[in-house]
Amino acid sequence: MAKKALIQGTRICQVEDASNVFPVSADLSWVDVADDTTTDDTYESGAVVKFSIPVEDSWTYVRLDCSRRYTFE
C-alpha cells in the first residue's frame with residue numbers, strides 16, 4: 001500500500017497510508033515514501049535517508065574475534 005510521510009524540515013514526523021492523510025499547516029508537507037519508511041529516518045534533498053547506527057571499527061573486530069572463538073550451529 002502507498003505510504004505518505006509528514007515532513008517538517010528534515011524530520012519525518014509521521015508515516016500514514018496514503019488514504020489517511022489530513023490537512024496540515026504550511027510548515028508541514030506530505031510526501032510519497034517507501035513502505036519501509038519510519039519516523040527514525042530523515043528526509044533530505046527530496047529523499048528519505050534511512051536511519052542506521054554506525055558501527056565503529058573496534059566493534060567490528062570484537063564481533064570477528066567472538067565469531068572465531070565460538071561456533072554457532
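**Close-up views of a predicted chain**

About 5700 Å² of the chain is exposed, and carbon and sulfur atoms supply 54% of that area (accessible areas come from the Shrake-Rupley method with a 1.4 Å probe; for residues, only the protein chains shown count as cover). This is a predicted model, in which local features need pLDDT of at least 70 and side-chain atom pairs count only at pLDDT 80 or more, while totals for chains, interfaces and linings use all residues. Residues are numbered from 1 along each chain as its sequence is written, and side-chain values use heavy atoms, with hydrogens and water left out.

**View 1. The chain follows the pattern β-β-β-β-β-α along its sequence.** There are five strands and one helix (DSSP runs numbered from the N terminus: helices are H or I with at least four residues, strands E with at least two). The mean pLDDT, the predictor's confidence in each residue from 0 to 100, is 85 for the chain, and 73% of residues reach 70 or more. Strand 1 (residues 3-8) has the highest confidence, at 98, and helix 1 (residues 57-69) the lowest, at a mean of 58. A friendly caution: where pLDDT is low, the predicted coordinates should not be read in detail.

**View 2. Six residues make up the largest nonpolar core.** They are Ala-5, Ile-7, Ile-12, Val-31, Val-33 and Tyr-43 (a core is a set of buried Ala, Val, Leu, Ile, Met, Phe, Trp, Tyr and Cys residues joined through side-chain atoms within 4.5 Å). Strand 1 and strand 3 (29-33) each give two or more residues to this core. Beyond residues up to four places away in sequence, Val-31 touches Lys-3, Lys-4, Ala-5, Ile-7 and Tyr-43 (contact means heavy atoms within 4.5 Å).

**View 3. Thr-37 sits in the loop between strand 3 and strand 4 (42-44).** Thr-37 counts as buried because its relative accessible area is 7% (buried is under 20%, exposed over 50%, partly exposed in between, with a 1.4 Å probe and protein chains only). Its side chain reaches the backbone oxygen of Ala-34 at 3.0 Å. Leaving aside neighbours within four places in sequence, Thr-37 is in contact with Ile-12, Val-15, Val-48 and Lys-50.

**View 4. One aromatic pair is found in the whole structure.** Phe-22 and Trp-30 meet edge-to-face, 5.2 Å centre to centre with 90 degrees between the planes (rings of Phe, Tyr and Trp, the last by its six-membered ring, pair if their centres lie within 6.5 Å; planes under 30 degrees apart are stacked, over 60 edge-to-face and the rest tilted). Phe-22 is partly exposed, with a relative accessible area of 36%.

Methods: A polar contact is a pair of N or O atoms within 3.5 Å; within protein, one must be able to donate a hydrogen and the other to accept it, and residues adjacent in sequence count only if both atoms are side-chain atoms.
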